[in-house]
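Student: Please take me through one part of this model in detail. I would like to see how its pieces fit together.

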Amino acid sequence: MNKEENRKENPEIDIRGRIFDIQRWSLHDGPGIRTNVFFKGCPLRCQWCSNPESQEGCFELAFFRDKCIGCRSCIKHCPYGGIREKKVSDKGEDLVIDTKICRKNCYKKGSDEGGFLCSKACYAEALSVMGREVSADEILEEVMHDKAIYESSGGGLTVTGGEPFAQPAFLLKLLQRAKALGLNTAMESSMYAEWEAIAPCLPFVDVLFMDMKLLDEEKHRYYTGVGTRMIQENMRKVSAYVTEMKKGKNGKDTENTGLKVIIRTPVIPGVNDRTEDIGAMTDWIIQNLPGVSDYQLLPYHRLGRGKYASLGKTYLLTETAVPKEEQMQRLNEEVRRRRKKNHG
C-alpha cells in the first residue's frame with residue numbers, strides 16, 4: 001500500500017495540530033519535571049493572558065523591534081505590500097506592519113505554503129512566525145528526549161495553551177500516544193469547550209488543571225470574552241466522572257481514580273482579588289465539585305505583556321500591579337479556612 005492509499009484507509013494518521021512552543025524542564029504544571037506543549041488557539045480573550053500568541057488558531061507574524069537591524073529585506077520580499085517604512089522622527093524611520101494584509105494573505109497559509117516570505121528573508125530574526133503544524137509523533141519524539149528525567153522525578157507531558165480542547169481530535173491522539181509510551185499526562189484548560197470534545201480525553205489524563213477566573217457571568221464575559229455557564233457545567237461533569245471512578249467496579253470508594261483534578265484561579269488585582277471573591281469561588285467548588293482534589297491560587301504576573309506589541313495587540317492591564325505576598329497569604333488562608341470548615 002502506497003502512502004496515498006494508506007491515508008485513505010487510515011485518515012487519522014493525517015491528524016495534525018498547531019502549537020506555538022515546546023518548553024522543557026517545567027516544574028509547576030504537574031508532578032515532577034515536565035515538558036509543556038503549548039497548543040495554539042483559544043476561545044477566551046483573558047485581559048491578563050501571558051501568551052497572546054496562543055489566542056489565534058492561525059499562524060501569526062511577530063515583529064521584535066529590538067532585533068531589527070534596518071536592512072529592509074522584509075519589505076523587498078513581501079509580495080503583498082504588508083510592510084512599509086514610516087518616518088517617526090528626524091533621526092530615521094520605523095517599520096510598520098499591516099496585520100490586515102498579513103492576515104488576508106499569510107495567516108492561513110503558514111511559511112511552508114508560501115506565506116511569510118518576509119520572515120524567511122529576515123536575517124536578524126526580528127520577524128518570526130508564531131505557530132507550527134506538527135503531528136503527535138513529532139511532538140513525542142521531542143518530549144521523549146527527557147524520558148529518564150521523567151522516570152526519576154515522576155514527571156511527564158503537560159498539554160497547555162491556548163486551549164487544548166479547541167483541537168480535540170489532535171489532542172486525543174497526542175494523549176493516547178503519550179499514555180502508550182508510559183508518560184504521565186497533565187492538562188491545563190479553561191473548560192470552555194463542548195463536552196463531546198472533553199469526555200473522550202479524560203481516560204488518558206492523569207492530572208487536569210481547570211481554570212476558574214470568576215463566578216459572575218457578566219464580569220467573566222467582560223474580562224475573558226465568554227460566559228461561565230459552559231465552563232461550570234463542564235466542571236460539574238468532570239467532578240461527577242471522578243466521583244464515579246472513585247466508586248470502582250465493586251461500588252466501593254477507592255483512591256485510584258486515574259484522574260486528579262485541581263482548580264486554579266489567577267488572582268488579578270481589581271478583578272477577583274477580594275476576600276469575598278475567592279471565598280465565593282471556594283464555596284462554589286466545595287458545594288459543586290466533590291471530585292476536585294485541590295484549589296490553588298496563582299498570583300498575577302506581567303511576564304507576557306511585552307509580547308503584545310510584537311503581535312500588534314494592546315495589553316489592557318498596564319496599570320495592574322502584582323499582588324503582594326501578604327495578600328496572597330491572606331487569600332490562601334481564606335481558602336484553607338472555608339475548606340476546613342466544610343470538612344469539619
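Tutor: Start with Lys 213. In this predicted model, Lys 213 is buried, because its relative accessibility is 6%, under the 20% cut-off. Its side chain forms a salt bridge with Asp 211, with the closest N and O atoms 3.5 Å apart. Asp 211 is partly exposed, at a relative accessible area of 22%.

Now look at the strand that ends with residue 211. Strand S10 covers residues 207-211. S10 pairs with S11 in the parallel sense, over five bridges. Val 207 stands opposite Lys 260 in S11.

Stay with S11, residues 260-267. Seven of its eight residues are buried, so the strand is largely enclosed by the rest of the structure. S11 also runs parallel to S12, residues 294-299, and six bridges join them. One pair to find is Ile 262 and its bridge partner in S12, Asp 294. Between S11 and S12 the chain passes through helix H11, residues 275-288. This β-α-β crossover is right-handed.

Next, find Asp 277, whose number falls within the H11 range. Asp 277 forms a salt bridge with Arg 274, and their closest N and O atoms are 2.9 Å apart. Asp 277 counts as buried, because its relative accessibility is 12%. Arg 274 is partly exposed, at 44%.

So which contacts should you keep in mind here? Lys 213 with Asp 211 is one salt bridge, and Asp 277 with Arg 274 is another. In total, the structure holds 24 salt bridges.

How values were computed
Residues are numbered from 1 along each chain as its sequence is written. This is a predicted model: local features need pLDDT of at least 70, side-chain atom pairs count only at pLDDT 80 or more; totals for chains, interfaces and linings use all residues. Side-chain values use heavy atoms; hydrogens and water are left out. Buried means under 20% relative accessible area, exposed over 50%, partly exposed in between (1.4 Å probe, protein chains only). Helices (H or I, at least four residues) and strands (E, at least two) are DSSP runs, numbered from the N terminus. Two strands pair if DSSP finds at least two bridges between them. A crossover is right-handed if, with the strands pointing away from the viewer, the path from the first strand over the helix to the second runs clockwise. A salt bridge is a side-chain nitrogen of Lys or Arg within 4 Å of a carboxyl oxygen of Asp or Glu.
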